[in-house]
Amino acid sequence: MKESPLHALHLERGARMVEFAGWTMPIQYSGIIKEHQAVRESAGVFDISHMGEIFVSGPGAGVWLNRMLTNQLEDLGTGQGQYTLLLNEDGGIIDDLILYRILGDEYLLVVNAACVAEAWDWLERHAGEGVCLSNRSESYGALAIQGPESKALFRRMTESAAGELPPRNGLASLESAGPPAYVCRTGYTGEDGFELFCPAEETAGWFTKAVECGASPCGLGARDTLRLEMGYPLNGSDLSPDRTPLEAGLGFFVDLEKEEFMGREALLRQKEAGDFDRLTAIRMLEKGPPPRPHYAVYAGDDRVGELSSGTLSPSLGVGIGMAYLPTQFSAKGSALEVEMRAKRFPATVVKKPFLTTG
Amino acid sequence: MEAPENLRYCDSHEWIEAGQETAKVGISDHAQTELSDVVFVELPAPGRVVAAKDPVAVVESVKAASDIYAPVAGEIVEVNTALESDPAMINSDPYGQGWIFKIKVADQAETEALKDSEAYLGGIG
């Protein structure tokens with residue numbers, strides 16, 4: 001089992017640890033609901049050192065990445081980032097990730113923990129002329145600081161010397177004693193916030209500083225409820241190589257106008273055919289048990305799918321979830337039922353996000 | 001970690017009032033800490049006759065669902081319906097307002113055979 005550079009700190013602070021994607025990570029410190037509220041109302045800090053950092057550079061890097069990923073990166077300037085997808089030839093999702101352009105021909109890909117090996121193999125196998133790949137997932141740690149007070153917190157953490165956060169989705173370099181460190185205005189909670197990618201040995205210092213400056217330590221439990229309230233997919237639960245971005249409702253991050261990218265033909269064929277399952281946001285209509293992944297979804301007497309994600313939304317106080325459903329059941333307002341322990345509870349299809357923030 | 005002395009405890013972390021013909025049942029402070037954030041409780045139907053170790057209720061936290069077992073044989077005579085609107089009372093007051101059901105105890109010897117406070121606390125380390 002892999003341990004984050006913050007492992008000792010987590011134990012010291014009384015975090016409850018769980019296995020996640022081959023890592024021992026904190027599921028919670030003070031409690032999922034409390035941590036969730038801290039992020040919605042002030043600020044929280046998450047250890048995301050399990051995320052992978054893959055650096056891509058060289059004169060061919062931009063053109064090659066644009067062929068490997070779904071989003072259009074031609075217009076991505078230095079210090080800008082974008083959400084994008086890595087697909088296989090069939091248009092299936094290997095990973096969803098953030099691509100940052102550090103400077104000129106130098107890029108950073110932040111990939112999901114469970115996908116580091118797979119994404120790395122895939123990229124290496126397809127690497128072309130003038131492309132240099134470097135997997136620094138082991139030597140880099142990462143933190144996410146999220147919540148409406150993040151901006152002020154950053155100023156306190158850096159004693160204003162480093163100045164302001166980059167704009168939304170942007171990246172800026174941070175002072176670091178060793179290899180470079182970056183601060184990015186991105187996150188997975190729907191709140192303003194930033195993520196720090198820094199050499200592993202500097203991670204504990206940043207974490208401690210964030211807590212001293214007022215961020216509540218948060219675990220993966222709150223990370224999951226926060227992202228689900230926004231309808232953000234989780235790879236491995238909501239995304240898989242058997243599902244395409246069109247099915248997952250991520251078409252916005254796929255530029256089909258690009259002449260060539262991995263999976264494009266499959267997506268064009270699927271779009272043409274038109275009839276495919278959609279990842280659908282479902283909201284429970286009454287109080288009941290929290291919906292959970294794999295619970296069956298019914299329309300009348302027919303089982304039409306199962307939840308890929310589900311939880312009790314701490315902000316809304318009601319069960320929410322997502323499921324791949326045939327199009328005739330995925331329209332807003334469709335009446336559904338979710339089965340929990342042999343009982344069915346009424347639900348309806350809603351538009352994402354479940355919660356409007358900011 | 002608290003475990004009042006007037007209660008008896010199961011290895012599955014339920015408590016039951018000692019020496020009561022009709023005894024309240026709930027889950028221990030240790031159990032509520034482990035579960036954290038209780039968001040839903042499925043209560044048994046009053047009148048149900050149960051054997052010791054029968055699953056009779058379900059307590060759900062954000063992360064997981066846990067069965068609650070009858071500590072002793074008997075008849076469920078009352079359930080704490082206040083938990084339906086405020087399940088978090090199991091966290092905030094596990095030995096008081098967070099009680100789950102009352103059971104008419106068939107045989108007091110069964111209650112007495114359970115762990116006392118000291119033995120229970122020793123067992124959870």
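Two strands pair if DSSP finds at least two bridges between them. The exercises below use this rule on a predicted model.

**Exercise 1. Place strand β19(A) among its partners: which strands does β19(A) pair with, and which residue stands opposite A:L336?**

Solution.
- Step 1. Start with β16(A), residues 296–299. Two bridges join β16(A) to β19(A), and the strands run antiparallel. With a threshold of at least two bridges, this counts as a pair.
- Step 2. Turn to β20(A), residues 343–350. Six bridges join β20(A) to β19(A), again antiparallel.
- Step 3. Read the register. A:L336 stands opposite A:A347 in β20(A). A:E337 in β19(A) stands opposite A:Y298.
- Step 4. Assign the faces. A:L336, A:V338 and A:M340 form the covered face of β19(A). A:A335, A:E337 and A:E339 form the uncovered one.
- Step 5. Check the turn. The hairpin of β19(A) and β20(A) has two residues between the strands, and A:R341 takes a positive phi near 50° there.

**Exercise 2. Describe the interface of domain 1 and domain 2 of chain A: how many residues are in contact, and how many salt bridges cross?**

Solution.
- Step 1. Fix the bounds. Domain 1 of chain A spans 2–49 + 138–229, and domain 2 spans 53–122.
- Step 2. Count contacts. 13 residues of domain 1 are in contact with 14 residues of domain 2.
- Step 3. Take the area. About 1000 Å² is buried between the two domains, with 68% from carbon and sulfur atoms. A:L171, A:Y182 and A:F197 supply 44% of the area that domain 1 buries against domain 2, more than any other three residues.
- Step 4. Look for polar links. Zero salt bridges are found across this interface. Three residue pairs are in polar contact.
- Step 5. Name the elements. β10(A), β12(A) and β13(A) each give two or more residues to the domain 1 side. The largest share, three residues, comes from β10(A).

**Exercise 3. Compare two salt bridges of chain B: where do the partners of B:R8–B:E112 and B:D11–B:K115 lie?**

Solution.
- Step 1. Take B:R8 and B:E112. Their side chains meet at 3.7 Å, N to O. B:R8 lies in strand β1(B) and B:E112 in helix α4(B), 104 residues apart.
- Step 2. Grade burial. The cut-off for buried is under 20%, so B:R8 at 15% is buried. B:E112, at 45%, is partly exposed.
- Step 3. Take B:D11 and B:K115. Their closest N and O atoms are 2.8 Å apart. B:D11 lies in the loop between β1 and β2 of chain B, and B:K115 in the loop between α4 and α5, so the pair ties together parts 104 residues apart in sequence.
- Step 4. Grade again. B:D11 is exposed at 58%. B:K115 is partly exposed at 30%.

How values were computed. Residues numbered from 1 in each chain as written. Chains lettered and ligands numbered in written order. Predicted model: local features only at pLDDT ≥ 70, side-chain atom pairs only at ≥ 80, totals over all residues. Heavy atoms only, no water. Buried < 20%, exposed > 50% of the residue type's maximum accessible area, 1.4 Å probe, protein only. Helix = DSSP H or I, 4+ residues; strand = E, 2+ residues; numbered from the N terminus. Domains from an automatic or database assignment. Contact = heavy atoms within 4.5 Å. Buried area = accessible area lost by both parts, 1.4 Å probe. Salt bridge = Lys/Arg side-chain N within 4 Å of Asp/Glu carboxyl O. Polar contact = N/O pair within 3.5 Å; in protein donor to acceptor, adjacent residues only side chain to side chain.
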